[in-house]
Amino acid sequence: MSKLSLIGAGPGDPELITLKAIKALNEAQVVLYDALANEELLDYCNEECVKVYVGKKPGIHRYQQIYINDMIVDFARQYEHVARLKGGDPFLFGRGHEEMEHALAHHIDVEIIPGISSAIAVPELSGIPVTKRGANESFWTITGTTSSLELSKDIYLAAQSSATIVIMMGMSKLSEIVKIFKKSRGDQESIAIIQHGSTTKQKSVVGDLTNIEELVSEHKMGSPAIIVIGEVAKYGKQQSQFSGELNHGYYSFN
């Protein structure tokens with residue numbers, strides 16, 4: 001019986017991966033990895049491991065996912081242990097459950113290895129708590145762009161709540177998102193945008209709904225990025241770019 005390991009690669013920093021994930025990568029004979037999985041993690045693979053890039057392009061995810069599902073089965077018929085390395089956590093907008101179902105339907109055992117999700121870790125490493133006593137009672141994680149390339153309808157509901165809103169894959173819809181939240185929460189609602197979170201390429205901007213688009217343009221922000229809306233976003237630190245060693249999450253009184 002072949003085995004598929006569905007592995008969460010974490011938010012980008014190669015040190016933010018679990019020991020169990022490292023062990024699975026070392027044991028796997030084939031690794032299928034995504035664009036958002038740091039390629040440095042492939043160093044944990046054994047010398048004989050077959051490494052296959054399966055990154056997706058916007059607009060054709062559905063067809064590429066079918067192809068990836070078929071690749072998993074094809075490789076599992078040739079090898080005993082196949083690993084699927086996915087950015088963040090495989091079950092959070094990662095379609096990991098679809099891959100699990102497909103593998104099980106073809107009598108392939110599946111091992112789930114959760115990963116640190118960028119939805120929480122990236123704001124956290126930038127000084128933003130997704131929940132804070134006295135500020136909010138919940139947080140929502142929403143995809144900004146659906147598989148049909150439309151704005152998620154949940155954005156409208158989220159804007160009417162008092163929750164911290166973490167939006168993934170939403171940069172192409174930023175103007176629409178800002179307009180919706182302005183209507184429900186007012187112009188002064190805090191917002192932070194963090195690009196390439198947890199990596200040496202990270203940069204971020206912090207503002208409110210009136211100036212965030214100007215800040216994004218000024219700092220040439222783009223994808224992949226996470227949008228955080230809510231009172232807690234004001235705690236974020238505006239950064240042009242990190243250089244040298246990773247120092248996310250380190251704070252000093254000096």
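Me: How many bridges join strand S1 to strand S4?
Reply: Strand S1 (residues 3-8) and strand S4 (residues 81-86) run parallel. The model is predicted: local features need pLDDT of at least 70, side-chain atom pairs count only at pLDDT 80 or more, and totals for chains, interfaces and linings use all residues. Residues are numbered from 1 along each chain as its sequence is written, and side-chain values use heavy atoms, without hydrogens and water. The number of bridges joining S1 to S4 is six.

Me: Which strands are at the edges of the sheet?
Reply: Strands (E, at least two residues) and helices (H or I, at least four) are DSSP runs, numbered from the N terminus, and two strands pair if DSSP finds at least two bridges between them. The open sheet has five strands, paired in parallel in the order S3-S2-S4-S1-S5. Each edge strand pairs on one side only, and these are S3 (50-53) and S5 (109-113).

Me: Which strands of the sheet does helix H3 touch?
Reply: Helix H3 (residues 96-105) packs on the sheet, and its direction makes about 175° with that of S1. Such angles run from 0 to 180 degrees between N-to-C directions, with axes fitted to C-alpha atoms, for helices over the stretch in contact. Contact means heavy atoms within 4.5 Å. The strands touched by H3 are S1, S4 and S5.

Me: Is Ser 117 buried or exposed?
Reply: Ser 117 lies in the loop between S5 and helix H4 (118-125). Buried means under 20% relative accessible area, exposed over 50%, and partly exposed in between, with a 1.4 Å probe and protein chains only. Because its relative accessible area is 16%, Ser 117 is buried.

Me: What arc do the buried residues of H6 cover?
Reply: The buried residues of H6 (residues 174-185) are Leu 174, Ile 177, Val 178, Ile 180, Phe 181 and Arg 185. An α-helix has 3.6 residues a turn, so residues three or four places apart point the same way. The arc is taken from the directions from the helix axis to the C-beta atoms. These residues are on the same side of H6 because they cover an arc of only 165°.

Me: Which element gives the most to the largest nonpolar core?
Reply: A nonpolar core is a set of buried Ala, Val, Leu, Ile, Met, Phe, Trp, Tyr and Cys residues joined through side-chain atoms within 4.5 Å. The largest has 25 residues, of which Phe 181, Ile 193 and Ile 227 touch the most other members. H5, S7, H6, S8, H7 and S10 each give two or more residues. With five residues, the element that gives the most is H6.

Key: The expected span of a helix is 1.5 Å times one less than its number of residues.
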